[in-house]
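Let's walk through this one together, with a question and then some reasoning each time. Keep the viewer open as you read.

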Amino acid sequence: MKKFIAINGSPRRNGNTAQLLNEAIRGAADAGAETELVNLYALNFKGCTSCFYCKLKSKPHGTCAMKDDLTPVLEKLKTADAVVFGTPIYFMNLSAGMLAFIERFFFSNYIYSAEIPTVFPKKLPSAYFYTMNMTEQHFAQLGMAKKVGVYERTAKNILQVAPKILHAFNTVQFNDYSKYESSIFNPEAKIAHREKTFAQTCAEAYEIGRALIAEN
């Protein structure tokens, strides 16, 4: 049975990012995969410490020397058949948890070789799911496609397959906006946007999950 892993880089286990990942999981399961959701913020780990163990000629490449809650996740990814990275956009970047994960995952499988940049043992189809307060217009104006494109190109180089991409723009953060200082937002407009678009975005997440397994 094929293995599908979804990585939740949001601190919220039931928020927008998690909902999209669960739809992808449902699609992968319907395609016949064994699935797993990893909530990064439930794990005790940190980012790369630049020890360069993974670059030593005397050691097997592709292994991070750090031992913590992320270690078994990194090992599972070596036998996975597809993976989805889900993250909110915070301060115009991926979440801190997702960045720390990416440092550990990608850097340990990247080597400074003129012949081949990756030692990841197989081609691994992947996807990035981005959720954000930004509208699609703001995303374009701020050059976000170029910024997150760095991580997308890294996934292509290390995992040897270009990732699929899904955006959820102008998401709803709070159940009750009146409880929080949030005057820069129009709660009614955001809720209306969610009601108009989020079901379709969930359907796209489902199809991506299904396709990552069915096409593999």
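Q: How do the residues of the lining of the second largest pocket divide into nonpolar, polar and charged?
A: Before we count, this is a predicted model, where local features need pLDDT of at least 70, side-chain atom pairs count only at pLDDT 80 or more, and totals for chains, interfaces and linings use all residues. Residues are numbered from 1 along each chain as its sequence is written, and side-chain values use heavy atoms, with hydrogens and water left out. For the classes, Ala, Val, Leu, Ile, Met, Phe, Trp, Tyr, Cys and Pro count as nonpolar, Asp, Glu, Lys and Arg as charged, and the others, Gly among them, as polar. The lining, which includes R12, Q173, F174 and D176, comes out as three nonpolar, five polar and four charged.

Q: How much space lies in the second largest pocket?
A: On a 1 Å grid over the protein atoms alone, a pocket is an open set of points with protein on both sides within 12 Å along at least five of seven lines, a cavity is a set where a 1.4 Å probe fits but cannot get out, and lining residues have an atom within 4 Å of a point. Grid points are joined across faces, edges and corners, and a volume is the space filled by probe spheres set on the points. For the second largest pocket that gives about 200 Å³.

Q: Which element supplies the largest share of the lining of the largest pocket?
A: This pocket holds about 390 Å³ of space, and I89, Y90, M132, N133 and Q173 lie nearest its centre among 18 lining residues. Helices (H or I, at least four residues) and strands (E, at least two) are DSSP runs, numbered from the N terminus. Both α1 (16–30) and β3 (82–90) supply at least two lining residues. The largest share, three residues, comes from β3.

Q: Why is strand β1 largely enclosed by the rest of the structure?
A: Look at residues 3–8, the six residues of β1. Buried means under 20% relative accessible area, with exposed over 50% and partly exposed in between (1.4 Å probe, protein chains only). β1 is largely enclosed because its buried residues number five of the six.

Q: Which residue of β2 stands opposite I5?
A: Two strands pair if DSSP finds at least two bridges between them. β1 and β2 (residues 34–39) run parallel, joined by six bridges. Across from I5 in β2 you'll find E36.

Q: Which residue of β3 stands opposite A6?
A: β1 is also joined to β3, by five bridges, and these two run parallel. Opposite A6 in β3 sits V84.

Q: Is S182 buried or exposed?
A: S182 is found in the loop between β6 (164–168) and α6 (187–214). Leaving aside neighbours within four places in sequence, S182 is in contact (heavy atoms within 4.5 Å) with F174 and Y177. With a relative accessible area of 10%, S182 is buried.

Q: Which element gives the most to the lining of the second largest cavity?
A: The structure holds two cavities of 30 Å³ or more, and the second largest has about 60 Å³ of space. Its lining residues include N16, F169, H193 and T201. Five lining residues come from the top contributor, α6.

Q: How much space lies in the largest cavity?
A: C48, C51, C54, C64 and F107 lie nearest the centre of this cavity, among 14 lining residues. By class, the lining has nine nonpolar, three polar and two charged residues. The space in the largest cavity is about 90 Å³.
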